[in-house]
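This report goes through one protein chain, from a pocket to two single residues and then the chain as a whole. Please look over the sequence and the structure before reading on.

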Amino acid sequence: MNKKLNIWLLLLPFYIVSILFIAIPLLYMVVLSFQTRADIWGVVNEFTWKNYQDIVQPTYIKTFIQSFKLAITSTLLISLIGYPFGYFMAKLSSKWKKRMLLLLMIPFWTSSLIRLYGWIIIFRTNGPLDQMLMNLHIIEGPLHMLYTYPSVLIGMVYILLPFMILAVYSSTEKMDWGLVEAARDLGATPFQAFCTITLKLTMPGFLSGIILTFIPSMGLFFVADLLGGNKIVLVGSIIQEQLLKVHNWPFAAALSVILMLLTTLMITLYKRITHSNELEKII
């Protein structure tokens, strides 16, 4: 009895924090999404479906599609860069592993906004990137990279790439390399051993990296605002605008609920793939 009481006492702070800072805010957001916007300020306690009906307007559907395209493209690029990086980093010696982990952690010591301002300096017209390319005679004039889709894409990759690298690294480091050696001894080529053993064993970490990069990339509105100007609008940008400028809090809550449902769907698919035999069928 005392043991159970001690366990409950240890879990009590966790439950209190979860209820106060997660469950109650989420519940309030869902309730707010069904309320009516006041004429001047605030909300009116009147039930309505209008906030969700407005989401299907062409403007907002286009924004969701654009956000999905950016999320898919950035996740694809992050996967192509992050998986090999994390894989080969796990094969380094212990000394170099610590050094590489330190290099990955250093950017987190500085605010993301400050780091993005560095990219603004690089991408601006006649900035360091333009000067370098023109001095190498690769281009004849400025690229005008700032406030374009490629600059936003690079910003997304830069912000989210460490999450993919760390997820793949963690999964690869725990892998039993004896299985790979056994496959090689049985006649498998390096590529065959990678596809049948390594890729299968590191897939949970790889899928975790996809979740950690795909979901945030739809809501990182500050990246689109700083590097894309008003040309690239994400779902997160609309939520920010509805909250701070238009003051249409119910509609912002409705957009947040839809984004939360999409996030929940992605996590559910991830759990089903990693905790069932579907992963083996795919590989």
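How do the residues of the lining of the largest pocket divide into nonpolar, polar and charged? They comprise 3 nonpolar, 4 polar and 3 charged residues; here Ala, Val, Leu, Ile, Met, Phe, Trp, Tyr, Cys and Pro count as nonpolar, Asp, Glu, Lys and Arg as charged, and the others, Gly among them, as polar.

The model is predicted: local features need pLDDT of at least 70, side-chain atom pairs count only at pLDDT 80 or more, and totals for chains, interfaces and linings use all residues. Residues are numbered from 1 along each chain as its sequence is written, and side-chain values use heavy atoms, with hydrogens and water left out.

**The largest pocket**

A pocket is an open set of points, on a 1 Å grid over the protein atoms alone, where a 1.4 Å probe fits and protein lies on both sides within 12 Å along at least five of seven lines; lining residues have an atom within 4 Å of a point. The volume of the largest pocket, the space filled by probe spheres set on the points, is about 220 Å³. Its lining includes Asp-225, Gly-229, Asn-230 and Lys-245. Helix α11 (residues 235–244) gives the largest share of this lining, 4 residues. Helices are DSSP runs (H or I, at least four residues) and strands likewise (E, at least two), numbered from the N terminus.

**Two residues**

Buried means under 20% relative accessible area, exposed over 50%, and partly exposed in between (1.4 Å probe, protein chains only).

| Residue | Relative accessible area | Class |
|---|---|---|
| Ser-217 | 0% | buried |
| Ile-65 | 43% | partly exposed |

Ser-217 belongs to helix α9 (residues 190–217). Its side chain reaches the backbone oxygen of Thr-213 at 3.2 Å. Neighbours within four places in sequence aside, Ser-217 is in contact (heavy atoms within 4.5 Å) with Ala-71, Ser-74, Met-156, Leu-160 and Leu-234.

Ile-65 is part of helix α3 (residues 58–90). From C-alpha to C-alpha, Ile-65 and Ser-93 are 44 Å apart in space, and they are 28 residues apart in sequence.

**The chain**

The chain holds 13 helices and 2 strands. Its C-alpha trace spans about 75 × 75 × 35 Å along the principal axes. Of the 283 residues, 37% are buried. Among contacts with a separation of 6 or more, 68% are between residues 24 or more positions apart.

Note on methods
A polar contact is a pair of N or O atoms within 3.5 Å; within protein, one must be able to donate a hydrogen and the other to accept it, and residues adjacent in sequence count only if both atoms are side-chain atoms.
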